[in-house]
Amino acid sequence: MNKLTNDQIRQKVRSRYQQIAVQTVEPNSSRCFTDSEDSAERSGSCCSTPTDFNTISTKLGYSADELQAVPEGANLGLGCGNPGAIADMQAGETVLDLGSGGGFDCFLASRQVGADGHVLGIDMTPEMISRARDNAIKGHFSNTEFRLGEIEHLPVADNTVNAIISNCVINLSPDKQQVFHEAFRVLKPGGRLAISDIVTTAELPPEIKNDMNELYSGCISGASSISEVKVMLQQSGFSNISIEPKDESKSFIKDWVPGANIDNYIISAIIKATKAYS
């Protein structure tokens, strides 16, 4: 099999999340559809009903209050944790969400930073950006902004962000070191990184590691080990690095690929780091 370029990997990931962004849900149905799909090809394998989204997000660590606080259509049942619960966001801060999707975590962050704060979401999928902007209008989130861009090349100025959050997105990047370089660049001195992401706990079998289609865009085959993530953070200049695996995440990870026992190889982790004052 020919090795894919980084751009080809991004295109495959973008294609999957484009389909998720434009999905529509039939009332009282457990199946999701994209407008472009023929009915014979429609599948509910990577999406669910709104009720299922809330069930999934509850398992990820979101409270009932948080699930009710966002506009309908913002929660797409994606992620592997709740980064807003670990970021210690304060009123008036500027928060950046890497891979903001439909805006779910941005809207929750908006409540924490208040009217004097600012939340910026970055996503490389135009359809996700459109969905998030529509959700912001519906929910009257005036302190929240969404920009189209790649997390390896952030459309954000140097030293302007207090906190960076992200939910199971950095593992999707084919150049994770560049993502951490960019995160360090845009953070203010004293700023912090607080993300939920997937890491490996054992060497992935070749059939999983080499799958650049469903398993990569499904947050599995692109994961790095804890030691690899720590080295990348150090090389980007971060300090106070903490990577905490969450054993309870195996309960939902095992359902990502039924019967494949992927929970033997990957786990969700809380990853924290800071940009020291110079």
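Which residue in β5 is the bridge partner of D123? The answer is L148. Let's look at the strands around this pair, and then at some salt bridges. This is a predicted model, in which local features need pLDDT of at least 70 and side-chain atom pairs count only at pLDDT 80 or more, while totals for chains, interfaces and linings use all residues. Residues are numbered from 1 along each chain as its sequence is written, and side-chain values use heavy atoms, with hydrogens and water left out.

**Strand β4 and its neighbours**

- Helices (H or I, at least four residues) and strands (E, at least two) are DSSP runs, numbered from the N terminus.
- Strand β4 covers residues 118–123, and 5 of its 6 residues are buried, so the rest of the structure largely encloses this strand.
- Buried means under 20% relative accessible area, exposed means over 50%, and partly exposed is in between (1.4 Å probe, protein chains only).
- Two strands pair if DSSP finds at least two bridges between them.
- β4 pairs with strand β3 (residues 94–98) in the parallel sense over 5 bridges, and V119 in β4 is the bridge partner of V95.
- From β3 the chain passes through helix α4 (residues 104–113) to reach β4, in a right-handed β-α-β crossover.
- Right-handed here means that, with the strands pointing away from the viewer, the path from the first strand over the helix to the second runs clockwise.
- β4 is also joined by 5 bridges to strand β5 (residues 144–148), and these two run parallel.
- The route from β4 to β5 goes through helix α5 (residues 126–139), and this β-α-β crossover is right-handed.

**Salt bridges**

- Side chains of opposite charge can pair when their charged atoms come close.
- A salt bridge is a side-chain nitrogen of Lys or Arg within 4 Å of a carboxyl oxygen of Asp or Glu, and the whole structure has 12 of them.
- One of them joins E214 to R16, with the closest N and O atoms 3.5 Å apart.
- E214 lies in helix α8 (residues 214–217) and R16 in helix α1 (residues 6–21), so this pair ties together parts 198 residues apart in sequence.
- E214 is exposed, with a relative accessible area of 54%.
- E93 and R192 form another, their closest N and O atoms being 2.7 Å apart.
- Both partners are buried: E93 has 12% relative accessibility, and R192 has a relative accessible area of 17%.
- R185 and E182 form a salt bridge within helix α6 (residues 176–186), where the two are 3 residues apart, about one turn of the helix.
- D158 joins E182 and R185 in a network of salt bridges.
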